[in-house]
Amino acid sequence: HNDDANMARGRQRRLLWIVSFALVALVGSSLLRWESSAVNLEKTATLAPESVIDDTVTEVRGDDLTLTPPEKDGTQPSQMVVDEDGLSFRCKNGYILRHHCKVHYLNQVSAASDKAGRNVEYTLCRPRMTQPASNQAVVLGIGHGTTGTRSLAYALSMLGLRVIHYAEYWVPGGRREMEQVPSGAIQAFIQLRTALRQKPEDCHAFLDSFNFSVLTSDVDPRVDALLDAPMSDIAWDLLESFPNARFLFTSRPAEPWLASRSKHKDDRTGSPYLRPCGHPLRELTNDAALALYNATDTFLRCVMAERLPPSNQLYLDFWANDSSADTLWTSVGTFVEHRNETLEKHCAFPTKPNQVVCSGPR
């Protein structure tokens, strides 16, 4: 009997060994499969940013942006090149821009000023940003200061809009409101102007994370139109963030603009190009300032013509010979969908706030 018991215990031990071995093998196989899946997942995660870039690029109009490996030192010189695909701009970070508006703009800006070239290259040489966008049909004035923006703000309020110009709030009837103001938009203006005066890396970081839809988030009182600084500096961000907005682009010949703007050459007056982070106008030569102003004017016209329907863009030059009063009132009123027949027939277009000269019945 003892022998039989010993034999039974031996068989049990062998059976336990077999079962244990099988379990170890099964667990080991599962671990190997999990490790293999983890490796594949890690590879997928490593490739994800590249695939996201590809997906983003296909959404940009035309063959706009491609990524090439950087040189051995991790960078490559910025330059405009001509290859088998046509004209392109090779950016320092490895991206190649192929959109004709951007290529010409970057080339002109880089030739005018190294600092301007670096700021604009940072702005354009990357995939489209994924900031929250607003679908509001707000009116956005993206002209530089001293192009008639204050007179335009007053005219818009005469047509019945609620308008922010720099730090002023104009309400229907051409009245400046001092007490009940859209605090969200005005505070955003202050933050943006402050950020643009910081060093480039801090400025761009702030703008990259800024939710531009806050500009139109006020409800009571609301905002119908925004003009003047910092609107021209962030024009590209606004085009990206407000797909349904109406863009008012005021401009004037470069030389008289610079002569007028130079009276305000301090740290608060930025250079005339997109995202002039930490780059005041006073640092530029006159030739560089004129070149940047004209290049930015051409670029914005170019991209607006491609991106926006005609009903969502209006270019105004108050110094042009054909800018008669009735034409201006009609053009602006039609654009913002607030026509006023009395103003069109009897009133001069304002050259300064609170100065509307009318004749005949009102």
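A cavity here is a set of points, on a 1 Å grid over the protein atoms alone, where a 1.4 Å probe fits but cannot get out, and its lining residues have an atom within 4 Å of a point. The model is predicted, so local features need pLDDT of at least 70 and side-chain atom pairs pLDDT 80 or more, while totals for chains, interfaces and linings use all residues. Residues are numbered from 1 along each chain as its sequence is written, and side-chain values use heavy atoms, without hydrogens and water.

The whole structure holds two cavities of 30 Å³ or more. The second largest has a volume of about 40 Å³, taken as the space filled by probe spheres set on the points, which are joined across faces, edges and corners. Its lining consists of His144, Phe249, Thr250, Ser251, Tyr293, Thr296, Asp297 and Leu300. Helix α9 (286–307) gives the most, with four residues; β10 (246–250) also supplies at least two. Helices (H or I, at least four residues) and strands (E, at least two) are DSSP runs, numbered from the N terminus.

Strand β10 also helps to cover the buried residues of helix α10, as do β5 (139–141), α4 (149–158), β11 (313–316) and α11 (341–346). Those buried residues (under 20% relative accessible area, 1.4 Å probe, protein chains only) are Leu328, Trp329, Val332, Gly333, Phe335 and Val336. They line one face of α10, because they fall within an arc of 160° seen down its axis, taken from the directions from the helix axis to the C-beta atoms. After α10 comes Glu337, with a positive phi near 60°.

Methods. On a 1 Å grid over the protein atoms alone, a cavity is a set of points where a 1.4 Å probe fits but cannot get out, and a pocket is an open set with protein on both sides within 12 Å along at least five of seven lines; lining residues have an atom within 4 Å of a point. Buried means under 20% relative accessible area, exposed over 50%, partly exposed in between (1.4 Å probe, protein chains only). Contact means heavy atoms within 4.5 Å.
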